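Dear colleague,

Please find below the structure that I am handing over to you, together with its sequence. The notes that follow it set out what was found.

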Amino acid sequence: MTSLLSFTPSTPSLYLPTFSNVRHHHRLSSTTLLISYPHPLPRVQVLYRAPHAPRRPSLSASALRAAADGLLQDAGATAFVLAGAYGLVLCFDNLTQRNLLQQSLSRKLVHILSGLLFMLSWPIFSTSTAARYFATVVPLVNCLRLLLHGLSIVTNEGLVKSVTREGNPKELLRGPLYYVLILILCALAFWRESPVGVVSLAMMCGGDGVADIMGRKFGSIKIPYNQKKSWAGSISMFLFGFVISIGMLYYYSFLGYFQLNWVETVEKVALISLVATIVESLPITDVLDDNISVPLVSMAAAYLSFSL
């Protein structure tokens, strides 16, 4: 007896075989079941994949190019500033050796110009986070140079005459060494991102430097509590510290590094200049060098003033 069987799945998404044409052939000893499958065979969907390790993001070509450009810019700026600093000291060395410039005046001009020119050079460095470290290479090289000459490992009479008061190489290990350490500190701690470092260096380089020159020239009237300081020097300290600080802040504000309220800024810088002037006039030079006391006090006053 022959029968027909068929089955259609109720779920469309499930492929099942179809049973059809179950025939009885005389040549077979039993009933043959013919099974047909849909053609073509359905694809098997993989519902689970083995986890793979996350891929690390690769730097794009533009990012690598920008990093390389920044590195080259910082290296070139470092070489340029280093050559300028060396040339400045060499120039005053020659002037001192030829007796065209007094030793005391040469020393103070180097004191004023070195720090201010170093600070003026910061914008030529790149915007990378490593830029400040490149910039500190310049005072770091001068620091090593002062150590070598101050310890008499290397001798250079021209350098000693242009930088020291009495021509003693050991003086290089005091005021001049403190000076370059403050340059390093301000570059690393504040850089172009804060007016605190700018004002501190302006007070140390400009204010204190001009105060010594004017005090020697016009300092006949001494301050009552310190006979080594004069009214002319202290007034010059206040005025030139104030003017140079405002000038430097305007320079960085013009370049877009600072956004300042100038009415408040003038008041704050005047207060900082007054505090630095008072500290510079105190009879503590034998205990604490001006190249430490003036910038650190200016730093603290500027930090408090610009943070409030």
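Two rings of Phe, Tyr or Trp count as a pair if their centres lie within 6.5 Å, the six-membered ring being the one used for Trp. In this predicted model, such ring pairs link Phe118, Trp122, Phe125, Trp191, Tyr251, Tyr252, Tyr257 and Phe258 into a cluster.

**The chain as a whole**

The chain contains 10 helices and four strands. Their order along the sequence is β-β-α-α-α-α-α-α-α-β-β-α-α-α. Of the 308 residues in the chain, 39% are buried. The exposed surface of the chain comes to about 18,800 Å², and carbon and sulfur atoms supply 64% of it. Contacts between residues at least 6 apart in sequence were also examined: 67% of them join residues at least 24 apart.

**Aromatic pairs**

A pair of aromatic rings is described by the distance of the centres and the angle of the planes. Searching the whole structure gives nine aromatic pairs. In one of them, tyrosine 250 and phenylalanine 254 have ring centres 6.4 Å apart and planes at 25°; the pair is therefore stacked, as this angle is under 30 degrees. These two residues are four apart in helix H8 (residues 231–254), so about one helical turn separates them. Both tyrosine 250 and phenylalanine 254 are exposed.

Tyrosine 251 and tyrosine 252 form another pair, with ring centres 5.1 Å apart. Their planes stand at 80°, which is over 60 degrees, so this pair is edge-to-face. Are these two residues buried or exposed, or partly exposed? Tyrosine 251 is partly exposed, with a relative accessible area of 26%, whereas tyrosine 252 is buried at 0%. Both Tyr251 and Tyr252 belong to the cluster introduced at the start.

**Packing of H8 and H9**

Two packed helices are described by the angle between their axes and the distance between the axes. H8 packs with helix H9 (residues 262–281) at an angle of about 140°, and the two axes are 9 Å apart. The crossing of H8 and H9 is right-handed. On the H8 side, the residues making the contact include Phe238, Phe242, Ile246, Leu249 and Tyr250. On the H9 side, they include Trp262, Val266, Val269, Leu274 and Glu280. Tyr250 is thus found in this contact as well as in the stacked pair described above.

Valine 269 lies in helix H9 and is buried, with a relative accessibility of 0%. What is valine 269 in contact with, leaving aside its neighbours within four places in sequence? Its partners are Met203, Phe242, Ser245, Ile246, Leu249 and Phe306. Valine 269 and phenylalanine 306 are 37 residues apart along the chain, and their C-alpha atoms are separated by 9.5 Å.

**Cysteines**

A disulfide is a covalent bond between the sulfur atoms of two cysteines. How many disulfides does the structure hold? The number is zero. Cysteine 186, for example, is in no disulfide, and the nearest cysteine sulfur, that of cysteine 205, is 8.6 Å away. Cysteine 186 is buried, with a relative accessible area of 0%. Cysteine 91, by contrast, is partly exposed at 39% relative accessibility.

**Residues in loops**

Two residues have a positive phi of about 60° although they are not glycines: asparagine 99 and serine 152. Asparagine 99 is in the loop between helix H1 (61–97) and helix H2 (103–120). Serine 152 is in the loop between helix H4 (137–150) and helix H5 (157–163). With a relative accessibility of 67%, asparagine 99 counts as exposed, while serine 152, at 47%, counts as partly exposed.

Threonine 136 is also in a loop, the one between helix H3 (131–135) and H4. Its relative accessible area is 9%, which means that threonine 136 is buried, as the value is under 20%. Apart from its neighbours within four places in sequence, threonine 136 is in contact with Ile184, Ala187 and Leu188.

Yours sincerely

Terms used: Residues are numbered from 1 along each chain as its sequence is written. This is a predicted model: local features need pLDDT of at least 70, side-chain atom pairs count only at pLDDT 80 or more; totals for chains, interfaces and linings use all residues. Side-chain values use heavy atoms; hydrogens and water are left out. Buried means under 20% relative accessible area, exposed over 50%, partly exposed in between (1.4 Å probe, protein chains only). A disulfide is a pair of cysteine sulfur atoms within 2.5 Å. Contact means heavy atoms within 4.5 Å. Accessible areas come from the Shrake-Rupley method with a 1.4 Å probe; for residues, only the protein chains shown count as cover. Axes are lines fitted to C-alpha atoms, for helices over the stretch in contact, and angles run from 0 to 180 degrees between N-to-C directions. A crossing is left-handed if the near helix is turned anticlockwise from the far one by less than a right angle, and right-handed if clockwise.
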